[in-house]
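Me: I have a chain on my screen and would like to walk through it with you, one question at a time. Could you take me through the reasoning as well as the answers?

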Amino acid sequence: MSVIIKPIITEKITKEGELFNRFGFIVDKKANKIQIKEAVEAAYGISVVNVNTMIYRADRSVKYTKSGLISGKTNAYKKAIVQVEEGETIDFYNNI
């Protein structure tokens, strides 16, 4: 089971990374904070200070069109905000 699914690269998370050394990841829904901490430390070779997690629910929507009702939903996911030690950083762009 892979704990880290992908990093989150948004404007808000990038600013948090520059100011407070916090980085965001989309993680497996069943992973706990200890597993997330160990996975980030193993993947990036840094030491993690704090982990905050959030679970986002699936949003459902219904659209009324000429051909009738169209229903859809977005995926549910778990987001982790990881704070690393002072002076350390994660470079997501080095593999491009």
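Me: Happy to start with the backbone. Where is Asn21 found?

Reply: Keep in mind that this is a predicted model. Asn21 belongs to neither of the two elements beside it, but to the loop between H1 and S2.

Me: Is Asn21 buried or exposed?

Reply: Buried means under 20% relative accessible area. Asn21 has 11% relative accessibility, so this loop residue counts as buried.

Me: And what is the phi of Asn21 near?

Reply: Most residues other than glycine have a negative phi. Asn21 is a residue other than glycine, yet its phi is positive. The value is near 55°.

Me: Let's turn to charges. How many salt bridges does the structure hold, and how far apart are the closest N and O atoms of Glu16 and Arg22?

Reply: Side chains of opposite charge can pair when their charged atoms come close. The structure holds 2 salt bridges. In the one between Glu16 and Arg22, the closest N and O atoms are separated by 3.0 Å.

Me: How do Glu16 and Arg22 count in terms of accessibility?

Reply: The class between buried and exposed runs from 20% to 50% relative accessible area. Glu16 has 23% relative accessibility and so is partly exposed. With 28%, Arg22 also counts as partly exposed.

Me: Which residue meets Arg57 in a salt bridge, and how do the two count in accessibility?

Reply: The partner of Arg57 is Asp59, at 3.2 Å from N to O. Asp59 has a relative accessible area of 40%, so Asp59 is partly exposed. Exposed means over 50%, and Arg57, at 63%, counts as exposed.

Me: Now the rings. How many aromatic pairs are there, and what kind do Phe25 and Tyr44 form?

Reply: The structure holds 5 aromatic pairs. Phe25 and Tyr44 have ring centres 5.8 Å apart, with 35° between the planes. Planes under 30 degrees apart would count as stacked and over 60 as edge-to-face, so the pair of Phe25 and Tyr44 is tilted.

Me: How many residues apart are Phe25 and Tyr44?

Reply: Phe25 sits in strand S2 (residues 22–27), and Tyr44 in helix H2 (residues 33–44). The pair therefore links distant parts of the chain. Along the sequence they are 19 residues apart.

Me: Which of these two counts as buried and which as partly exposed?

Reply: Phe25 has a relative accessible area of 0%, so Phe25 is buried. Tyr44 has 31% relative accessibility, and that makes Tyr44 partly exposed.

Me: What kind of pair do Tyr44 and Phe92 form?

Reply: The ring centres of Tyr44 and Phe92 are 6.0 Å apart. Their planes meet at 85°, so this pair is edge-to-face.

Me: What parts does that pair tie together, and how far apart are they in sequence?

Reply: Tyr44 is in helix H2, while Phe92 is in the segment after strand S6 (77–84). The pair therefore ties together parts of the chain that are 48 residues apart.

Me: Which residues do ring pairs link into a cluster?

Reply: Two of the links were just described: Phe25 with Tyr44, and Tyr44 with Phe92. The cluster is made of Phe23, Phe25, Tyr44 and Phe92.

Me: On to the largest pocket. What is its volume, and which element gives the most to its lining?

Reply: The largest pocket has a volume of about 180 Å³. Its lining has 13 residues, and those nearest the centre are Thr14, Phe23, Ile90, Phe92 and Tyr93. With 4 residues, the element that gives the most is helix H1 (residues 11–20).

Me: How far apart are Val51 and Phe23, C-alpha to C-alpha?

Reply: Val51 lies in strand S3, and at 7% relative accessibility Val51 counts as buried. Val51 and Phe23 are 28 residues apart in sequence. In space, their C-alpha atoms are separated by 9.7 Å.

Me: Last one, about the surface. Which residues form a nonpolar patch, and what is their accessible area together?

Reply: One member is Leu69, in strand S5 (residues 68–73). At 60% relative accessibility, Leu69 counts as exposed. Leu69 joins Val62 and Tyr64 in the patch, and together they have an accessible area of about 390 Å².

Conventions
Residues numbered from 1 in each chain as written. Predicted model: local features only at pLDDT ≥ 70, side-chain atom pairs only at ≥ 80, totals over all residues. Heavy atoms only, no water. Patch = residues over 30% accessible without salt bridge, like charges linked within 9 Å, V, L, I, M, F, W, Y side chains within 5 Å. Areas by Shrake-Rupley, 256 points an atom, 1.4 Å probe, with all protein chains shown as cover. Salt bridge = Lys/Arg side-chain N within 4 Å of Asp/Glu carboxyl O. Buried < 20%, exposed > 50% of the residue type's maximum accessible area, 1.4 Å probe, protein only. Phe/Tyr/Trp six-rings, centres within 6.5 Å; stacked < 30°, edge-to-face > 60°. 1 Å grid on protein atoms, 1.4 Å probe; cavity = no way out; pocket = protein on both sides within 12 Å on 5 of 7 lines; lining within 4 Å. Points joined across faces, edges and corners; volume = space filled by probe spheres on them.
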